Amino acid sequence: MALLPEIRGRLTIRSEPERFFKAFRRRVASGLLTGTPNRRSNYIATIVDERHMSVRAADWKSAINVGLNDLNLGYAGDGILRYRVRYWRWTLYCVALSAVLAAIGIALVLTFDVRSYLTAAPGRLVWGLSVEQNIILLWVFIVFWGFIWPWILVALHKRSLHALMKRLVAAVDESVADL
């Protein structure tokens, strides 16, 4: 499902699986995203063996940074590495932030007399629409940006996470080959 905050993929590695996972664990310890320590790249390896690894964002700063919340890597054989990334914490942040903005918008619309404001200043109306249509449009904007947009972000974020996984796996695989 496009709105589910999860991606799965397969990448090719040249390294032996045991050496790859050891190198990936070192990368996690030194700073997963850039290979250097960073307060927004704090990850921990939770399960590690010769053919499988799980990595988790250790704090909220890391979880909302790029959405790499829970990562599972598994060697499938023949140089194929399977991965799954779930980014529920990143999604929760997006949904909560949008809901807060929607709540502010709803409070403003219900608190202030928007109809009188728009009637007194017709230059503020969207061209060609009546006052009532402008109010409906305002509610549509609040619903869209508050409740629909975060789920569109979830779907759009999948491409970025696939690209990030490709980059991370290639960097670790290359570092193993250089040893």
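Tyrosine 93 counts as partly exposed because its relative accessibility is 38% (buried means under 20% relative accessible area, exposed over 50% and partly exposed in between, with a 1.4 Å probe and protein chains only). The model is predicted, so local features need pLDDT of at least 70 and side-chain atom pairs count only at pLDDT 80 or more, while totals for chains, interfaces and linings use all residues. Residues are numbered from 1 along each chain as its sequence is written, and side-chain values use heavy atoms, with hydrogens and water left out.

Tyrosine 93 lies in helix 3 (helices, H or I of at least four residues, and strands, E of at least two, are DSSP runs numbered from the N terminus). Helix 3 spans residues 88-111 and also holds serine 98. Serine 98 counts as buried because its relative accessibility is 8%. Beyond its neighbours within four places in sequence, serine 98 is in contact (heavy atoms within 4.5 Å) with Trp145, Gly146 and Pro150.

The largest nonpolar core (buried Ala, Val, Leu, Ile, Met, Phe, Trp, Tyr and Cys residues joined through side-chain atoms within 4.5 Å) has 33 residues, and Phe20, Phe24, Leu68 and Leu73 have the most contacts inside it. At least two residues of this core come from each of strand 1 (6-12), helix 1 (17-31), strand 3 (52-57), strand 4 (70-77), strand 5 (80-86), helix 3 and helix 5 (131-178). Helix 5 gives the most to this core, with eight residues. Not counting residues up to four places away in sequence, phenylalanine 24 touches Leu32, Met53, Val55, Leu71, Leu73 and Val172. A second, separate core has seven residues, among them Ala102, Val109, Val114 and Ile135.
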